[in-house]
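Let's take a stroll through a protein model together. Have the sequence and the 3D view open, and follow along as the text moves from one part to the next.

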Amino acid sequence: MLSINYNSASRNAVNQVGNAQTGIAKAMNALSTGNRINSAADDVAGSAMASRMQVQSNSLDTAVTNANMGVNLIQTMDGAMKETEELLQRMTKLTEMSKNDAYSTQDRDMMDQEFGALSNELDRNAQSANYNGISLINNAGNTAGSSLFDKDISKGITFTAADATAKPAVLANNELTFKVSTAPMTAAVPASAPGVSPATPAVPAKAGKPVPIAITVDFGTKALSANDIVGAINKSLKAAGANANATINSEGHLKIDSNDRVDGVKFGASTITDIGGTAAGATGLGAGTATDGKTGFGDIVINVGSSGNAYDNIFLKTVDLSSEGLGLKGASLTNSTDLDKTLSTLKAALDTVTEQRSHLGASQKRLTFASDNLQNVKNNTDASLSSIEDTDYAATTMQLAKEKVLNSASQAMLGQSNQMQSEVTQLLK
């Protein structure tokens, strides 16, 4: 129908011009920003996904930085511990030299002066070692319960069952029993706010009832090396679900340590008690002397994750490598009757440093692997984010060309449609 009140062809052309202009603007926006999604309206689901993935990418980037800073901290701590180890080795040598009667009293006095100077250097090194203002080796150390046996088993033991008929009779020495106990802390309860009824006082955190795990190790009836003995004990600990491990110290003595360190928050007690069994006698592993855990340690926590759970934390055990922390405060070489005790203390101190450096080395390896893994995850996350959010320039430039052509064609058709109504005048002539 030919009319002058409404021109549908012209209206359709106007709409197409508007659509083409919108398409051109959208394409040019995407090309100029590099982002396919510049507003939530561009892609509702994609915008939400991109936002979450951007947060994850940022968190991963921070985690990588944290892991690398953790490696730097460990290297600084290990360097300080290496110095402590060298000091202890020299002090051990001086102690062993003092036991030799070929040295005169004056010689021993000179050795004692050096020994005291090295002890002071232990304290200075412990106080000065820090990373970004964080003290590294003068904090409360591993305060878990432990038990040290008094017999040298470095050459191994032949375990036997009892045989009263043998001549002479054979005593049993093939079973070790003990208990690994921890007491979880109960949470503190704050006092009620002023004016609240009924009023309740604050209840501090306190240790709960100890949870003992009974361990029985049957060594059989055969000869075992020190490593075999440690392996048998650790196997029994693992089977019982006890968080503890056995080792051999530098003097060849068996040592069992709980890994549930007392911190006043998680655990309120940590002990290894009730040491008995035939293997703990004079013919076996020797008597075990237990030391209970004490409160007051604080781990250095390196966060290497983005999920916010406990698995994202890598804990670096703290340690006190001052002369007091190593049990060497006041030690002297002038009293010959104490030299054996001093030498034993020095060897235990070296064990502490060696164990801590091993822990740090393992933690550094873990942080390195964590950093590499985090970087891989971040790269893949960024690639996924790019596929969702970034502009595909090949497709968008093609779309821009299309929209420009449609815009030109729509404008041309708008001009043609506007001329249609002028044909009415031809009918009126």
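## A hairpin and its sheet

In the hairpin made by E9 and E10, four residues sit between the strands, and Gly252 has a positive phi near 80 degrees. Before going on, note that this is a predicted model, where local features need pLDDT of at least 70, side-chain atom pairs count only at pLDDT 80 or more, and totals for chains, interfaces and linings use all residues. Residues are numbered from 1 along each chain as its sequence is written, and side-chain values use heavy atoms, with hydrogens and water left out.

A word on the names: helices (H or I, at least four residues) and strands (E, at least two) are DSSP runs, numbered from the N terminus. Two strands pair if DSSP finds at least two bridges between them.

Back to the hairpin. E9 and E10 (residues 253–258) pair in the antiparallel sense over five bridges. Thr247 stands opposite Lys255 in E10, and Ile248 has Leu254 in E10 as its bridge partner.

Which strands make up the open sheet, and in what order? There are four, in the order E9-E10-E3-E12, with antiparallel pairing. Strand E9 (244–248) and strand E12 (288–291) each have a single partner strand, so they stand at the edges with one side lacking a neighbour in the sheet. On average, neighbouring strands here are turned by 15 degrees against each other, direction ignored. Helix H4 (residues 226–240) packs on the sheet and touches E9 and E10, and its direction makes about 175 degrees with that of E9. For such angles, axes are lines fitted to C-alpha atoms (for helices over the stretch in contact), and the angles run from 0 to 180 degrees between N-to-C directions.

## What sits inside

Buried means under 20% relative accessible area, exposed means over 50%, and partly exposed is in between (1.4 Å probe, protein chains only). Buried residues make up 34% of the 429 residues in the protein. A nonpolar core is a set of buried Ala, Val, Leu, Ile, Met, Phe, Trp, Tyr and Cys residues joined through side-chain atoms within 4.5 Å.

The largest nonpolar core has 41 residues, and Met77, Met81, Leu88, Met91, Ile137 and Leu367 touch the most other members. The elements giving two or more residues to this core are helix H2 (44–98), helix H3 (105–128), strand E13 (300–303), strand E14 (313–316) and helix H5 (339–389). H2 gives the most, with 14 residues. Another core, of 24 residues, lies apart from this one and includes Ile229, Val230, Ala246 and Leu254.

Contact means heavy atoms within 4.5 Å. Leaving aside neighbours within four places in sequence, Leu367 is in contact with Ala67, Gly70, Val71, Ile74, Ile302, Val304 and Ile314. With the same neighbours left out, His359 is in contact with Phe315, Leu316 and Lys317.

Is His359 buried or exposed? His359, which is in helix H5, has 18% relative accessibility, so it counts as buried. Here are three residues side by side:

| Residue | Place | Relative accessibility |
|---|---|---|
| His359 | helix H5 | 18%, buried |
| Ile213 | strand E7 | 24%, partly exposed |
| Asn132 | loop between E1 (130–131) and E2 (134–135) | 68%, exposed |

Asn132 also has a phi near 55 degrees, a positive value in a residue other than glycine. Asp274, found in strand E11 (residues 267–276), has a positive phi too, near 50 degrees. Most residues other than glycine have a negative phi.

## A pair of rings

Rings of Phe, Tyr and Trp (its six-membered ring) pair if their centres lie within 6.5 Å; planes under 30 degrees apart count as stacked, over 60 as edge-to-face and the rest as tilted. By this rule there is one aromatic pair. The ring centres of Phe159 and Phe219 are 4.4 Å apart and their planes are at 10 degrees, so the pair is stacked. Both Phe159 and Phe219 are buried.

## The whole protein

The protein has seven helices and 14 strands. Its C-alpha trace spans about 145 × 60 × 55 Å along its principal axes.
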